[in-house]
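Got the viewer open? Let's take a walk through this structure, one selection at a time.

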Amino acid sequence: MRYLKYILIAALLLAVAFIAWGDERVEKRVVATIDPDGVQRVEMTGDTYYFDPNVIVVKVNVPVELKVKKAGGIAPHNIVIKAPDAGINIEESLSTEPKSIQFTPTKVGKYPFECTKRLLFFKSHKDRGMHGMLEVVE
């Protein structure tokens, strides 16, 4: 019984370490290939404060179909990519049913995407790790 206090403290420290470690996201990069119909297709999932993949590479001036969904849960998520000068202007809520977003990037560059949701005074979903990069290449 006297060790229970030490076990609880150790469990608490492990939980805090796990939460802190969980904020470090590994880059998951996907390079889109062009399908026979000339469209680049990428599937993406939004989950507990991350996107999978979180780096997407596509070719300029080639149509893109991005299928996005959330993994589940009750937390609302969205994906926002604002680069109208590059032909990209996306703001779409995520649901467990995949949504298809079509666009054609017209300018080479790196364009950040994020979830803009936030609950009350808590950190935004972006600040918790739900962001990534769309890279448009030649």
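Before we set off, pick out Leu120: does this residue count as buried or exposed? Leu120 counts as exposed, because its relative accessibility is 66%, and the bar for exposed is over 50%. Keep in mind as you look around that this is a predicted model.

**The whole chain**

Zoom out and colour by secondary structure. You should find one helix and 10 strands in the protein chain. Follow the chain along its sequence and the helix comes up at the start, with the strands after it: α-β-β-β-β-β-β-β-β-β-β.

Now switch on the surface. The accessible surface of the protein chain is about 8,900 Å², and 60% of that belongs to carbon and sulfur atoms. Of the 138 residues, 33% are buried. If you look at contacts between residues at least 6 apart in sequence, 65% of them join residues at least 24 apart.

**Back to Leu120**

Select Leu120 again, this time with its surroundings. Leu120 sits in the loop between strand S9 (109-114) and strand S10 (131-137). Add Leu119, Phe121 and Phe122 to the selection: with Leu120 they make up a nonpolar patch on the surface, and together the four have about 500 Å² of accessible area. Check the backbone of Leu120 while you are there. Its phi is near 45°, which is a positive value in a residue other than glycine.

**The open sheet**

Next, select S2, S3, S5 and S8. These four strands form an open sheet with mixed pairing, in the order S3-S2-S5-S8. Strand S3 (50-52) and strand S8 (99-103) are the edges, each pairing on one side only. Ignoring direction, neighbouring strands of this sheet are turned by 25° against each other on average.

What holds strands of a sheet together? They pair through backbone hydrogen bonds, either parallel or antiparallel. For a parallel case, show strand S2 (residues 40-47) and strand S5 (residues 64-70), which are joined by seven bridges. Click on Gln40 and look across to S5, where its bridge partner is Val64.

**Strand S10 and its partners**

Move on to S10. How does strand S4 (residues 55-59) pair with S10? The two pair in the parallel sense, over five bridges. To see one spot along this pairing, select Ile56, which stands opposite Leu134 in S10.

Now bring in S9. S9 and S10 pair in the antiparallel sense, over six bridges. Here you can select Gly109 and find Val136 of S10 opposite.

**Salt bridges**

Show the charged side chains next. Side chains of opposite charge can pair when their charged atoms come close. How many salt bridges does the structure hold? There are 10, and we'll stop at a few.

- Select Lys28 and Asp52. They form a salt bridge, with their closest N and O atoms 3.1 Å apart. This pair links distant parts of the chain: Lys28 is in the loop between helix H1 (4-22) and strand S1 (29-31), and Asp52 is in strand S3, 24 residues apart. Lys28 is partly exposed, with a relative accessible area of 44%, and Asp52 also counts as partly exposed, at 29% relative accessibility.
- Select Glu135 and Arg29. Their salt bridge has its closest N and O atoms 3.2 Å apart. Again distant parts of the chain are linked, with Glu135 in strand S10 and Arg29 in strand S1, 106 residues apart. Glu135 counts as buried because its relative accessibility is 13%, which is under the 20% limit. Arg29, at 41%, counts as partly exposed.
- Select Asp37 and Arg41. Their side chains meet in a salt bridge at 2.8 Å, N to O. Arg41 counts as partly exposed, with 36% relative accessibility. Add Asp35 and Glu65 to the selection, and you have a network of salt bridges linking them with Asp37 and Arg41.

**Two backbone stops to finish**

Go back to Asp52 and step on to Pro53. The peptide bond between them is cis, with omega near 0°. Pro53 lies in the loop between S3 and S4.

The last selection is Tyr49, in the loop between S2 and S3. Its phi is near 65°, a positive value in a residue other than glycine. Is the residue buried or exposed? Tyr49 is buried, because its relative accessible area is 17%.

Conventions. Residues numbered from 1 in each chain as written. Predicted model: local features only at pLDDT ≥ 70, side-chain atom pairs only at ≥ 80, totals over all residues. Heavy atoms only, no water. Buried < 20%, exposed > 50% of the residue type's maximum accessible area, 1.4 Å probe, protein only. Contact = heavy atoms within 4.5 Å. Areas by Shrake-Rupley, 256 points an atom, 1.4 Å probe, with all protein chains shown as cover. Patch = residues over 30% accessible without salt bridge, like charges linked within 9 Å, V, L, I, M, F, W, Y side chains within 5 Å. Pairing = 2+ DSSP bridges. Axes fitted to C-alpha atoms, helices over the stretch in contact; angles between N-to-C directions.
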